[in-house]
Every structure is written in C-alpha cells, then in structure tokens.
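Here are some questions to work through with the model open beside you. Try each one yourself before reading on.

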Amino acid sequence: MSDTIALLSSIELIRERPGMYIGDNDQLGLDTCVREIIDNAVDEYPNYPDPSKPIVIALEPGNIVSVRDYGRGISPYKSEKVKGAIEERLAYTQIGAGGKLKQNREQNKNRFAGGLNGTGACATNAMSDFFDVEIWKDGYYFHDRFEDGIPVVELKNGNLPKKKLKEPETGTKITFRPSKKYLRTTKVDASALAVCLEQRAYLNPGLKLIFQNNRDEEEEQVFYSENGLFDYMKKIAVTEDGTPISFLVEPFLIHGTAEAEVMGQTNHMEVNILAAFSRGESFAATAFTNGIENPSGGTHLQGFYQGLVELLRHYYEEFQTEFQQKYKNQIEMIRKVNNLSSAGEIFKLVKPRNISKKTYVVIDFKHDDPLLKPQTKDELASPEAKPAVAKIFYEKASLYLDKHITAVHELIGFLIKDLYEKAKAENTAINLTKNEVKQILSTKLAAAKGKDPKIKELFVVEGDSAAGSIKALRDALYQAVLPLRGKILNAKRTTLAKLMANQEIATFFTTVGTGIGSRYDDRKRQYERIIIATDQDVDGEHIQTLLLTLIFLYMPDLLRGGHVYILETPLYVNVMKGKKKDVYTYSEEEQETFLKKNRRNVEDVQRNKGLGELTQEQVQDTILNPATRRLTRIVIGDEDAVSDLLEQLMGSDVQGRRRLFVKGEAVV
C-alpha cells in the first residue's frame, strides 16, 4: 500500500496554488501581496487612537516593502482557542486565521473591513523571502520574523520577546521582500502602488498615506483627501487634455443603509454613491467594496444602474405627454420597428448600457459579510447588494433630481434619440434580393453541401491563404469557409448603413442567415457553430474583437445561444523523434512546461506564425477535426458589463479607454 494523499500546510498550499489565493504568481500576484498588507493597515484606521497619524508605506532597494500603521497593533499574545500558539503567528501562517471573519468582525470593530478570509497576509508571507513584524501595544514593543514562511524568533516561555516603551505608541509595521523562488515578477510597480494609495485616500477622508519610494530615489508622496469621493470625481472626470467634464448637473452624493436576511443571518450594508451626468458621451464607473476596488464591478454597480433606469422610467411616465409631443416622430419609429403596442412601452427597450454612456459614478459600498470573487476581490457577487443599492438610489436620488427636471428631460431625450437612431438604422437596413444574396455568397463563401444547420459549422478565417488549405481539406458536407479580406469596420463607431455597404460584413450577415437587430430570427440560422479562426498575433486578436463586437451589437442571440467560438491556433509545433505524432502547444508557458518534460524526445520546434503555414496534417488536427482541435465558446455573462467594456475598448470614449489601460484591467 502506498501513501497517495498529500497534506499541505497553509504556506505550502498558497505556493502550490497561487492563482487561488493571489490571482497568479506574476504581476497580479505581486500586486495582491502588497495590497493585502496595505489594506490591513487601512482597515485599522477607524481604530486609530489618534486619527491624525498616517500610514507610512516605504519601497526600498531590493523591492523591500514596509507598511506602518498606528492602529491597535495585532495581538502578540497567546491564543486561547489554539493552545500554545501566538495569535500574530496564526494570522501570518494559517489560512482562515484572522480578526475580520464573520464571527468576530463586530467584536474586533471591523464590521466593514476589506479583509475577509484570513488569507491575504498569510499569502504575502508565503510568497516572501522574509516577513518582519513589529508591534507596539499595551506599552510594549514586540518583534517577530519569518524567513521563507517559517518563524525564526525564539519564544520566551511561549511568548514573543518584548521591550518596555518609553513613550506610549501603538500600531503594526510589516516589512517583507517578495521571493523570486515563488513569484515570476518581484519588481514592485511604484506607479500602480501610488494609484492604490491615492484611491485609499479618497475613500478615507482625513487619512494621510505617506509613500516613500527610496528604491527609485523619488520624492516622498503624500496622499490625503478632505472631500473624499468629490475629490475622486474631479480626478476621473476630465478629458484627454485634462479639461474638466461638463455636467448636466453637479455631482451629487447619495447615502443609505440597508439590511438583508441571508441564510438566517442579518447582513448590514451601507453605500455612498457619487453620480453625475455628462453633456456629451463620456463616462466612468468605479466601484469599491469595503475600500477594495472591484475593477469588474458587480452587484452594487448593477444595482446603481437598475435604480437609475427605474428612476428615469418614472420621470418618463410622469412627463409622457410632453415627451410624446416633443419626440413624436422618433417615438413612433421606435414603436414601429420594435413592435410595441404603445409609446408608453419604449422604456422596455432601455438598458443600463444606454444611459451608462453619459454617467460618471463612484460607489463606496460597505457590507459586513460580502461575497467577493476571486480572492483578488475583483467583483462583488453578493445578490442582496443589487436590490439594496437600486432602492437606495431610486428613493434618495429622486429627492435631488426633482429639483433638476431640465437635466432629467435632457437625459430622457438622449435615450429617446439613442433608441431612435438604432431603430432608424434597422428600418433602413438593406434588403437584398435572392439574386444579390446568391452573387454575394458565390464570390466569397465556400458553402457546405449539407442542408441540416444543426450539424453545419462556418469557419470565418483571416485571408485567402488560410482559407485555401481549409477549403481543400474540410468535410464539404458540413463545413463552410468564409475568408475575410483584412480587418472589418468597427461596428461600435459606424452606422448600420455603412456596415451593410461593406462587402465583408454584408457577406457575413447574409451567410449566417438570421437577419439582424429586431429582425433577427434564430429559426433561419444556417450554422450550429460559427468559428472565428485567425492567426495568434495582435492582428488576429484585433479581428476577433471586431467580429465579436459586430455580433454582440447586431446578433447577440448567437452569443446567448452559445453558437460562437474562437479557434485556438497552435503557437508551437513540436516535431517528435521516431516519427511520433506532432505535439502542439498554445502558449509560451505551455511550451516551456512541455519542453521541461519532453526535451529529449523533441526533434524540432516550429514557431507557428499563421494558419497559412500549417501542413495538411496540422490543419486537420488543429482546425478541422472536432476530436483534436481546441475551441473556446464565447458566452455572455453580464451583458451590461460587456457593453460598457466594448464602449471603452471600441467606442469613441478615448478617455475611458485610457482609464481602462491605466488601471491594468484584464480584458476578455
């Protein structure tokens, strides 16, 4: 009998699976390690004996980071629950050991702390060469140190050694150096760190954060905000050249609290929402939970947009007669194209993404037991947050907007015009005759001979070179090939009429066969799978994005139904010795891992530059054979979030796109 089950310590588990705890073992993981220690310090600020004291963050040569707070000081004493253990050591070596868990958040005065799982500081220790802890508490100075995750300070009678302080002082200082053994990247990004500290200052008015970048010999930076979210709004609401955005009404602050019963327990919530509406089409949306930025948004942001749309619906119904007189022709066109029974129904068509194009919002949301995902806390997933935030905004914002009805009318007028432009474009879409359809398809499409759309698939490929080999080797019964010549138009920045006048796009629409927009009919769909097959380079990824934008805007049901796929093309072809079958890898990391295990058996390595370079056997294996190719199905989660992302990536809001990349968000 063999021992088949391994039991890892918390430190070993974090190193084994860094993606689960800090996002990855690269830049994201490093940023998370640094941020976790900073957020622990910020969580202590409400407990400062002297609120005028700062948090001091220092970046030293060798990428050593120190964070000093002046809070109560982490407990250096023996644990009553875990006999023989020091509480501070439990926090830094054990997953699930912390003072901000559900059972003790209130007791430790951390109801709305950013820390949740008793994981963050432990993970930072696990990924560090050394992790030094200094504690000032109860008139004494305590010191502990971990090297490679292991405590090295000798206890005295089971206690941490201590020294009597001459002057009263409190707080904790953590000093650590990220380890090259466990992290691919150990160079701390000073600019990203500064952004993080600046955000924390806006969310905690009165808190001073001092950043000393001694590594790069830069001047000390002090981050401090008197006006909190209002100062943050001034920061983000600017044009590309730094000119302040012109608003319909000045930014206004909404505050509210809520409770929700979840699994037999009462959850407490609190929110501050600072909102404003631009005169043009520019926007920014930033959301935080317990002081932690959620770059992927979540249920608090969804709740805000839901409350905003419902509030505008209320105003539309209240002033419907005026709107119907002012926008009579536009409303009639919207009603006609969308088969609405009355003008009063047009708000059924309004989605958060329609109004988000003019909205600036910062959400400071607090929850005593939030559900954040993943461990890096990119997104709030607590379902109860959405109705709570929606209700708070609807009720409280109406008190403010009732005094600014002219601005409300402009917002609703914008929505009507937006819906009208879309309806007008769909109403004037080119209707092709059968002969025109036949001519378009005959010039581009290598059609499938089969008649059953449930088994047919369409390859949309980049250029005639790649199309040639696929056409020659495909199973013509069910596989069709449509080559594109270069990059198609950006559907986000042009009209439908111009799209339809473009032969590449007209051919694609015609080939799929469903119609577009409100005329989409899935029963007419000609293919079960639409496979986007492009080269694995920047141009190929751009073409993928342009096609997905087109589909999302005009044929979203293809995505909702799971009919759109991205073909993963091999980056490397490993020719094996002994005439064994070639082995394909699809990323630099996968190739590196494969070579470590199989280098002796590899005869040659080919770097694949494009689909047109693949041999016949490779085309069969990686493109045409369902059993051996790799496909990624494209699905839509939060459609409003996807729409906002496309607006930033592909729309006309250059400033929004700049903010997106400055924050370093992942784009998928």
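## Reading a predicted model

Q: What percentage of the 668 residues in the protein is buried?
A: This is a predicted model, and every value below is computed from it. A residue counts as buried when its relative accessible area is under 20%. By that cut-off, the buried share of the 668 residues in the protein is 52%.

Q: How many helices and strands does the secondary structure of the protein come to?
A: The chain also makes many contacts across its sequence, for among contacts between residues at least 6 apart, 69% join residues at least 24 apart. As for the secondary structure of the protein, the count comes to 23 helices and 24 strands.

Q: Is α6 parallel, antiparallel, perpendicular or oblique to α7?
A: Two packed helices are described by the angle between their axes and the distance between the axes. Helix α6 (residues 190-203) and helix α7 (residues 229-236) pack with their axes 7 Å apart, at an angle of about 140°. Angles over 145 degrees count as roughly antiparallel and those from 65 to 115 as roughly perpendicular, and the angle of about 140° therefore makes α6, with respect to α7, oblique.

Q: Which residues of α6 and α7 make the contact?
A: The residues of this contact divide into four nonpolar, one polar and three charged. On the side of α7 they are Leu229, Asp231, Tyr232 and Lys235, and on the side of α6 they are Glu198, Gln199, Tyr202 and Leu203.

Q: Which strands stand at the edges of the open sheet of five strands?
A: The five strands are ordered β18-β17-β19-β20-β24, with mixed pairing, and the twist averages 25° from one strand to the next. A strand at the edge has a single partner strand, so one side of it is left without a neighbour in the sheet. The two strands in that position are β18 (479-484) and β24 (631-633).

Q: Which residue in β19 stands opposite Phe459?
A: Strand β17 (residues 457-462) and strand β19 (residues 529-533) run parallel and are joined by five bridges. Opposite Phe459, the residue in β19 is Ile531.

Q: Is Leu253 buried, partly exposed or exposed?
A: Leu253 lies in strand β10 (residues 247-262), and, not counting residues up to four places away in sequence, Leu253 touches Leu229, Phe230, Asn272, Ile273 and Leu274. Buried means under 20% relative accessible area and exposed means over 50%. Because its relative accessible area is 41%, Leu253 is partly exposed.

Technical notes. Residues numbered from 1 in each chain as written. Predicted model: local features only at pLDDT ≥ 70, side-chain atom pairs only at ≥ 80, totals over all residues. Heavy atoms only, no water. Axes fitted to C-alpha atoms, helices over the stretch in contact; angles between N-to-C directions. Helix = DSSP H or I, 4+ residues; strand = E, 2+ residues; numbered from the N terminus. Parallel < 35°, antiparallel > 145°, perpendicular 65-115°, else oblique. Contact = heavy atoms within 4.5 Å. Nonpolar A, V, L, I, M, F, W, Y, C, P; charged D, E, K, R; others polar. Buried < 20%, exposed > 50% of the residue type's maximum accessible area, 1.4 Å probe, protein only. Pairing = 2+ DSSP bridges.
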